[in-house]
Amino acid sequence: MDQAIAIARKATSTGDVPVGAIIINADGVIIGRGSNEREANSDPTAHAEIVAIRSAANRLQNSRLDGATLIVTLEPCAMCAGAIAQARISNLIFGAWDQKAGAVGSVWDVIRDPRALHKMNVTAGIREVECAKLLSDFFEGQR
């Protein structure tokens, strides 16, 4: 989570919401990194999770990230939850809950829906206060 938080902090320099993500393989090696790049790239799909998934898939030259763990500072939205499942990521760890758009338990639970084809382990609330503070500080500065 240290790495994901450090990545999130850098995202604010482009005006993007500070969310950071890393993907590690089964050996604990980072294979993908991402931060929100929506504003930087004028791309509505450039959420930290999507950027990290693209990075890892490109590195491995494989669309399936079986055995990998995604660590992200904010609960994934529905788009990202779907992409995480499509990438066949095995473990998801996130920090802050997203009460407005979260799709791993807050608003929806796309990942753990019993009808979902892909099952994964989810660990929520890791360094939740610190991750949430990154977001609240950012949005307070926007007002």
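Here is a friendly conversation about this predicted model.

Trainee: How many helices and strands does the protein have, and in what order do its elements run?

Mentor: Let's begin with the overall picture. The secondary structure comes to five helices and five strands. Read from the N terminus, the order of the elements is α-β-β-α-α-β-α-β-β-α.

Trainee: Why is the protein said to be as compact as a globular protein of its length?

Mentor: We compare two values here. For 143 residues the globule rule gives 15 Å, and the radius of gyration of the protein is close to that, so the protein is as compact as a globular protein of that length. The C-alpha trace spans about 40 × 30 × 25 Å along its principal axes. The radius of gyration itself is 14 Å.

Trainee: What share of the residues is buried, and what share of the exposed area comes from carbon and sulfur atoms?

Mentor: Take the inside first: of the 143 residues in the protein, 44% are buried. On the outside, the protein exposes about 7500 Å². The share of this area supplied by carbon and sulfur atoms is 50%.

Trainee: Which residues touch the most other members of the largest nonpolar core?

Mentor: In soluble globular proteins, nonpolar side chains tend to be buried together. Here the largest nonpolar core has 37 residues. The ones that touch the most other members are Ile23, Leu65, Ile84, Ile89 and Leu92.

Trainee: Which elements each supply at least two residues of this core?

Mentor: Both helices and strands are on the list. The helices are H1, H3 (48-60), H4 (78-86) and H5 (128-142). The strands are E1, E2 (30-35), E3 (69-74) and E4 (91-96).

Trainee: Which residues is Ile23 in contact with, leaving aside its neighbours within four places in sequence?

Mentor: Let's follow the chain in order. The contacts of Ile23 include Val29, Ile30, Ile31 and Gly32, and also Ala52, Ile53 and Ala56. The others are Leu65, Ala68, Thr69, Leu70 and Ile89.

Trainee: Where does Val19 lie, and is Val19 buried or exposed?

Mentor: Val19 lies in the loop between helix H1 (2-11) and strand E1 (20-24). Beyond residues up to four places away in sequence, Val19 touches Ala8, Gly34, Ser35, Asn36, Ala48, Val72, Thr73, Leu74 and Leu135. Its relative accessible area is 4%, and buried means under 20%, so Val19 is buried.

Trainee: Thr73 is on that list, so which element holds Thr73, and what is its relative accessibility?

Mentor: The place of Thr73 is in strand E3. Leaving aside neighbours within four places in sequence, the contacts of Thr73 include Val19, Pro18, Gly20 and Cys131. Thr73 counts as buried because its relative accessibility is 1%.

Trainee: Is Ala46 buried or exposed, and how far is Ala46 from Ile93 in space?

Mentor: Ala46 lies in the loop between helix H2 (38-41) and H3. With a relative accessibility of 2%, Ala46 counts as buried. Not counting residues up to four places away in sequence, Ala46 touches Ser35, Asn36, Glu37, Arg38 and Val51. Ala46 and Ile93 are 47 residues apart in sequence, and C-alpha to C-alpha their separation in space is 19 Å.

Trainee: Which residues is Glu128 in contact with, leaving aside its neighbours within four places in sequence?

Mentor: Glu128 lies in helix H5 and is partly exposed, with a relative accessible area of 34%. Phe94 is 34 residues from Glu128 in sequence, and their C-alpha atoms are 8.1 Å apart. The contacts of Glu128 are Gly95, Ala96 and Trp97.

Trainee: What is phi near in Gln61 and in Arg88?

Mentor: Most residues other than glycine have a negative phi. Gln61, in the loop between H3 and E3, counts as exposed at 64% relative accessibility, while Arg88, in the loop between H4 and E4, counts as partly exposed at 23%. Both have a positive phi: near 55 degrees for Gln61 and near 65 degrees for Arg88.

Trainee: How far apart are the mean positions of the positive and negative charges?

Mentor: The protein has 15 positive and 16 negative charges. Each set has a mean position, and the two are separated by 3 Å.

How values were computed: Residues are numbered from 1 along each chain as its sequence is written. This is a predicted model: local features need pLDDT of at least 70, side-chain atom pairs count only at pLDDT 80 or more; totals for chains, interfaces and linings use all residues. Side-chain values use heavy atoms; hydrogens and water are left out. Helices (H or I, at least four residues) and strands (E, at least two) are DSSP runs, numbered from the N terminus. Buried means under 20% relative accessible area, exposed over 50%, partly exposed in between (1.4 Å probe, protein chains only). Contact means heavy atoms within 4.5 Å. The radius of gyration is taken over C-alpha atoms; the globule rule is 2.2 Å times the number of residues to the power 0.38. Accessible areas come from the Shrake-Rupley method with a 1.4 Å probe; for residues, only the protein chains shown count as cover. Lys and Arg count as positive and Asp and Glu as negative; His and the chain ends are not counted. The place of a charge is taken as NZ of Lys, CZ of Arg, CG of Asp or CD of Glu. A nonpolar core is a set of buried Ala, Val, Leu, Ile, Met, Phe, Trp, Tyr and Cys residues joined through side-chain atoms within 4.5 Å.
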